[in-house]
Amino acid sequence: AEEMLIRSEKLSIVGQLAAGLAHEIRNPLTSLKGFTQLLKSRSKDDAFYFDTMLTELERINLIVNDFMTLAKPQLSQFGYGNVNGMLEHVISILSHQAIMMNVALISKAHKALPDIYCDENQLKQVFINLIKNAIEAMPKGGNVTITAEQTNSEQLRIRIRDQGEGIPDTIANKLGEPFLTTKSNGTGLGLMISYRIVEQHHGSMTIKSSENKGTTIELLLPVHGEPLNKTPTAHIG
Ligand code: ADP
Ligand code: MG
């Protein structure tokens, strides 16, 4: 098993610019989509061209949405929140997509967890990114098992396990780099954003993956927002 360090510098001026740019692109994009749909409905002959335009516009939309999560103010929304509640909410958001893909989202019954110091919306974004990846890793369906437990008075451990294809060796040492994707409709931003958010919470994210057996992502999060003395790492093997 290899061990890798993930690049995770603080949100740079470039990151802020990118996030601001994403915000600015959103409104014109919405009107482009709307009028393209309108033109498509008026001109049946050119449907193919309009469909291609809509697909490409949707792709821009996905990238912009991912960048938007970097634009949200970082520190102002920190407070105490409950991970069980966040997971429940995220599972309900993703349940439709899971059913469509023949995937069962199994949340292991866990005892009441202490509230942790976090930015709830940002943490939910991490859970969404990771559970989505787990669903997408199982095109033929399967189980995603999500567990959350308290390891000691200072930290929680959250595991997201799938039975999917595993992370290809070819990208294992690049995980967390922007635009790294093996999917035709992927943005390659989900893991990078997740690493960044987890780091802002002084937590760590470990990835264990073996081909055709599946992938397990383990998050360690401090209860009181104090550093755990761990750098985000990924283990592949
Ligand atoms: P995206 O999902 O848009 O491709 P991500 O940053 O979320 O971007 O993931 C990057 C890549 O890492 C994916 O394209 C995929 O190859 C790999 N990956 C991430 N999570 C998993 C997983 N649970 N199982 C298999 N591969 C994964
Ligand atoms: Mg993803």
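**Notebook: the five-stranded sheet and its surroundings**

I began with the sheet of this predicted model, and I found it to be open, with five strands in the order β3-β5-β6-β8-β7 and mixed pairing. I noted that β3 (103–107) and β7 (204–210) stand at the edges, and because each has a single partner strand, one side of each is left without a neighbour in the sheet. I then looked up the turn between neighbouring strands here, which is 15° on average, direction ignored.

Next I followed the edge strand β3 to its partner. I found that β3 runs parallel to β5 (residues 142–152), and that five bridges join the two. As one position in this pairing I noted Val-103, which stands opposite Gly-142 in β5. I also looked for what packs on the sheet, and I recorded helix α3 (residues 83–100), which touches β3, β5 and β6 (155–162) and whose direction makes about 170° with that of β3.

I turned to helix α4 (residues 120–136), whose 17 residues reach 24 Å from the first C-alpha to the last, close to the 24 Å expected at 1.5 Å a residue. I checked burial along α4 and found buried residues that include Leu-123, Val-126, Phe-127, Leu-130, Ile-131 and Ile-135, but also Gln-122, Lys-124, Asn-129 and Asn-133.

Finally I looked up the totals. I counted six helices and nine strands in the protein, and I noted that buried residues make up 28% of its 237 residues. Of the contacts with a separation of 6 or more, I found that 76% are accounted for by residues 24 or more positions apart.

Terms used
Residues numbered from 1 in each chain as written. Chains lettered and ligands numbered in written order. Predicted model: local features only at pLDDT ≥ 70, side-chain atom pairs only at ≥ 80, totals over all residues. Pairing = 2+ DSSP bridges. Helix = DSSP H or I, 4+ residues; strand = E, 2+ residues; numbered from the N terminus. Axes fitted to C-alpha atoms, helices over the stretch in contact; angles between N-to-C directions. Contact = placed C-beta atoms within 7 Å. Buried ≥ 20, exposed ≤ 12 C-beta atoms within 10 Å, placed from the backbone. Expected span 1.5 Å × (residues − 1).
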